[in-house]
Amino acid sequence: MLDVAVIGVGLAGISAAVECQKKGLKIGLFDKSRGVGGRLATRRVNDIRLDHGLPSWNIQGPHTQALTEKLLAEQIISPWKVAHSDSNSVDAWQTLETENFYAAPNGMTAIAKYLARDLTINRSFHLDKIIPAENHWQLHFKNNETVEAKAIILAIPASQAVPLVENFVTRELGDRLQSVTYEPAISLMLGFEELNLNFPWQELCLSDHPSFKKIILDGKKRSPQAQTLVLQTNATFTEKYLDADNLQPIAQTLIREIRQLLNLSQPSWHQIHRWRYALPDKTFSESHLYLPLELPLILCGDWCLGNGAEGAIASGLAAATYFDGR
Ligand SMILES: Cc1cc2nc3c(=O)[nH]c(=O)nc-3n(C[C@H](O)[C@H](O)[C@H](O)COP(=O)(O)OP(=O)(O)OC[C@H]3O[C@@H](n4cnc5c(N)ncnc54)[C@H](O)[C@@H]3O)c2cc1C
């Protein structure tokens with residue numbers, strides 16, 4: 001029997017699991033996907049890594065500050081230049097001031113792998129149902145596995161947690177959880193025979209473009225440099241296609257648009273990924289949610305506090321404080 005089952009191997013779940021393990025608790029860590037890191041997501045295409053989730057890392061508060069120092073010392077991240085623009089003119093993009101961020105040459109999942117290095121991860125474990133039994137929880141996974149645990153930490157997006165906990169929350173709390181919303185995003189990954197883009201930045205955030213939120217020169221993270229680009233669409237554009245069955249026509253539209261904008265050749269390949277829950281928009285405004293039941297059930301994630309990676313880590317750590325002195 002586990003002391004704590006942690007569901008979700010993103011920054012929040014890993015932070016919670018590491019803390020629980022430090023307290024000597026017997027933990028099990030489960031994720032529905034085959035990878036590690038959740039929205040710290042890296043994909044390999046033709047042996048080239050591309051970050052199609054969080055593209056870069058920056059210091060947003062004390063947790064990301066402390067972690068940045070460790071990640072730099074371990075050479076997991078390196079400097080990366082980010083610019084912002086409210087202009088859609090390529091000429092204006094040539095003279096932008098840049099901010100110091102960090103990118104991960106081996107992909108953003110390397111950050112999650114580093115943090116989770118002492119944890120055992122159960123992959124392809126999609127939690128389907130939670131059932132209270134005498135003195136423990138029964139967790140039922142879609143792969144037909146059942147796990148018993150004395151406590152559960154759910155470190156997954158609020159909207160995905162709601163169906164799992166709806167039998168255990170009051171209507172008012174259920175409504176509060178339902179009121180958490182996320183900005184969606186589409187990531188388009190492009191590979192070229194040759195790509196010669198020279199700007200003072202490596203990642204550009206656009207505030208006023210009809211479709212693009214970010215243009216990321218992702219290939220410049222890699223050694224040797226790869227001929228790749230990653231584009232992220234903004235929430236307004238993405239919402240129109242949130243339920244589209246086929247994303248390929250959208251990929252073609254975006255490819256036409258970026259080719260025209262940056263005067264690019266036809267990419268030799270592309271992949272597209274839709275994120276229904278990219279960044280919290282309306283948050284829960286508390287560090288975590290402890291449900292006062294007979295058996296501990298705690299919810300955490302970036303949706304609790306917002307503030308991206310910093311908020312996700314803070315929320316995971318806050319969830320683990322429940323076990324202090326127990
Ligand atoms: C395209 C994109 C761009 C972003 N840009 C920025 C940015 O510029 N700045 C910033 O600060 N942040 C950004 N973010 C957000 C940032 O990545 C997140 O805030 C942070 O990584 C969230 O961590 P988390 O642990 O809360 O959730 P996640 O990383 O989402 O982890 C949750 C995990 O739970 C798993 N899971 C869900 N349901 C189940 C289930 N039923 N059973 C088992 N496992 C389950 C998922 O597979 C996932 O691995 C971006 C995200 C995306 C996708």
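Ala, Val, Leu, Ile, Met, Phe, Trp, Tyr, Cys and Pro count here as nonpolar, Asp, Glu, Lys and Arg as charged, and the others, Gly among them, as polar. This is a predicted model, in which local features need pLDDT of at least 70 and side-chain atom pairs count only at pLDDT 80 or more, while totals for chains, interfaces and linings use all residues. Residues are numbered from 1 along each chain as its sequence is written, and side-chain values use heavy atoms, with hydrogens and water left out.

**View 1. The shell around the ligand.** By class, this shell has 15 nonpolar, 12 polar and five charged residues. A residue belongs near the ligand if one of its heavy atoms lies within 4 Å of it. Of the 32 residues around the ligand, those that come nearest are Ala12, Asp31, Arg39, Gln60 and Asp302.

**View 2. Polar contacts with the ligand.** A polar contact is a pair of N or O atoms within 3.5 Å; within protein, one must be able to donate a hydrogen and the other to accept it, and residues adjacent in sequence count only if both atoms are side-chain atoms. Look for Arg39, where a side-chain N or O atom is 2.7 Å from an oxygen atom of the ligand. The backbone joins in too: an N or O atom of Leu11 lies 3.0 Å from a ligand oxygen, and one of Lys32 lies 3.0 Å from a ligand nitrogen. On its own the ligand has 1,000 Å² of accessible area, and the protein covers 93% of it (Shrake-Rupley method, 1.4 Å probe; for residues, only the protein chains shown count as cover). Helix H1 (11-22), strand S15 (269-282) and helix H9 (308-320) are the elements that give two or more residues to the shell. Helices (H or I, at least four residues) and strands (E, at least two) are DSSP runs, numbered from the N terminus.

**View 3. A cis peptide bond.** Find the step from Ser223 to Pro224: this peptide bond is cis, with omega near 0 degrees. Pro224 sits in the loop between strand S13 (212-216) and strand S14 (228-233).

**View 4. Two loop residues with positive phi.** Asp47, in the loop between strand S3 (42-45) and strand S4 (48-51), is not a glycine, but its phi is near 70 degrees. Asp47 counts as exposed because its relative accessibility is 63% (buried means under 20% relative accessible area, exposed over 50%, partly exposed in between, with a 1.4 Å probe and protein chains only). Asn263, also not a glycine, has a positive phi of about 55 degrees. Asn263 lies in the loop between helix H7 (248-262) and S15, and counts as exposed at 69% relative accessibility.
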